[in-house]
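User: I'm new to protein structures and would like to learn how to read one. Could you walk me through it, one feature at a time?

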Amino acid sequence: MNKEEIKENLKKLRKVEPDKDFVEGTRRLVLATNQENQTFSRFPTWSIATAVATFVLVIGITSGSFLQDTKPKISSSLNSQNLQKELKSLSLKLEKINYHQETNRTIATALNEITSSKANHLQGSILKEEVNQIEQFENKYKTEKVNKLLNRVIF
Amino acid sequence: MKEEKLVKKAKNGHSEAFDKLYEDNIEQIYRFIYLRVRRKDKAEDITQKVFIKAWKNISSYESQKGAGFHSWLYQIAKNAVIDHYRTNKDHLNIDEIPEDEVSTPPDKHKKEMDKDLKFEKVMKALEELTENQQNVIVLKFIEELSNKEIADILNKSEVSVRVTQHRGLKKLKKILNSDESQEDE
């Protein structure tokens, strides 16, 4: 067999073909696969530098805004004058709260007593009876004692 | 649509464009792989991996003068075959493989080839060549690529490709002729 015959025979191997089912199955499988992230891979030489730069930029922006937000708050909260003011206003508020609580308690007690049937000293009939007793006592002892006392003083 | 345009679209994530590229190249890539591994199941497995890798990494593909998209696919396929042999060092001899796994061509083609001449004989003869000689012979005489394309795929000079081609053919001739003389005896 010479070289030309060998070449001819090699060409016949072109008849090697994949199965149709395999071709279709692989097509579906390949196209169902997600592509790699194109943003970086499109610029392979820049990808690492871009990633690092982006990271630094993000860190810079976040930390900058964080410091900007927290700086005045920290300094003001550490100022002793401001602390004292805050303490005073806080104690004033506490006093007010105490006062309101006591008032509420007193009012509640009074209301309880009024509504309660055990508050005998406030019942009208008992009060009248007491008034009568006092008047009788006064009428009985008043004139005698007063006269005696007056006599003693005058004479 | 031209291959260049299809590649551009596929790089932008158009699966339809890649589908067309797949359609245009699947046979050649499968055949190249099959003739290197000589097992249908392995060839299918590797071919699948090649196209998945190509689709995933198409954004990194840079077209070069004289070398088309198929050259890039052949490069991926060549590396996939190398990986296959690296991870399966104990690969089977063709004689040990069941016949149904080897007989990839449709029956009518196989019969035709058997009648004409010895499909399996040529396959066996190819197997006796070095890895580099096999690549060059398959790409040159079966896939009919230019020496420039082959050089790009195999990362060799054109001169080196021509030398390998010459040596490969010479070796094939020797193997096939010795087989014939043995048969005659």
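User: Which residues are linked in a network of salt bridges here?

Analyst: Start with the general idea: side chains of opposite charge can pair when their charged atoms come close. In this predicted model, A:Glu24, A:Arg27, B:Asp19 and B:Glu23 are linked in such a network.

User: How far apart are the closest N and O atoms of A:Arg27 and A:Glu24?

Analyst: They are 3.0 Å apart, and the pair forms a salt bridge. A:Arg27 and A:Glu24 are three residues apart in helix H2 of chain A, so about one helical turn separates them.

User: Are these two residues buried or exposed?

Analyst: To read this, look at the relative accessible area: under 20% is called buried, over 50% exposed, and partly exposed lies in between. A:Arg27 has 12%, so this residue is buried. A:Glu24 has 35%, so this one is partly exposed.

User: And where does the pair of A:Arg27 and B:Glu23 cross?

Analyst: Between chains: A:Arg27 sits in helix H2 of chain A, and B:Glu23 in helix H2 (residues 15-37) of chain B. Their side chains meet in a salt bridge at 2.6 Å, N to O. With 42% relative accessibility, B:Glu23 counts as partly exposed.

User: How many salt bridges are there between chain A and chain B?

Analyst: The count is four. Another salt bridge to look at joins A:Asp19 to B:Lys40, with the closest N and O atoms 2.7 Å apart. If you search the whole structure, over all chains, you find 13 salt bridges.

User: Which residue does A:Glu8 meet in a salt bridge?

Analyst: A:Glu8 meets A:Lys11, at 4.0 Å from N to O. Both belong to helix H1 of chain A, and they are three residues apart, so about one helical turn lies between them. A:Glu8 has 46% relative accessibility and so counts as partly exposed. A:Lys11, at 35%, counts as partly exposed too.

User: Let's turn to the interface. How many residues of each chain are in contact?

Analyst: A good way to read an interface is to ask who touches whom, and then how much area is covered. Here 30 residues of chain A are in contact with 51 residues of chain B. The area buried between the two chains is about 4,000 Å², and carbon and sulfur atoms give 63% of it. You can also look for polar contacts: there are 12 residue pairs of this kind between chain A and chain B, counting pairs with both residues at pLDDT 80 or more.

User: Which elements of chain A give two or more residues to that side?

Analyst: They are helix H1 (3-11), helix H2 (20-32) and helix H3 (38-41) of chain A. H2 of chain A gives the most, with seven residues. Sorted by class, the side of chain A that touches chain B has 11 nonpolar, eight polar and 11 charged residues.

User: Now for the partner. How many helices and strands does chain B have?

Analyst: Chain B has 10 helices and zero strands. When you read a fold, it also helps to ask how far apart in the sequence the touching residues are. In chain B, of the contacts with a separation of 6 or more, 64% are between residues 24 or more positions apart.

User: What percentage of chain B is made up of buried residues?

Analyst: Buried residues make up 48% of its 185 residues. For the surface, chain B exposes about 9,600 Å², and carbon and sulfur atoms supply 44% of that area.

Methods:
Residues numbered from 1 in each chain as written. Chains lettered and ligands numbered in written order. Predicted model: local features only at pLDDT ≥ 70, side-chain atom pairs only at ≥ 80, totals over all residues. Heavy atoms only, no water. Contact = heavy atoms within 4.5 Å. Buried area = accessible area lost by both parts, 1.4 Å probe. Polar contact = N/O pair within 3.5 Å; in protein donor to acceptor, adjacent residues only side chain to side chain. Helix = DSSP H or I, 4+ residues; strand = E, 2+ residues; numbered from the N terminus. Nonpolar A, V, L, I, M, F, W, Y, C, P; charged D, E, K, R; others polar. Buried < 20%, exposed > 50% of the residue type's maximum accessible area, 1.4 Å probe, protein only. Areas by Shrake-Rupley, 256 points an atom, 1.4 Å probe, with all protein chains shown as cover.
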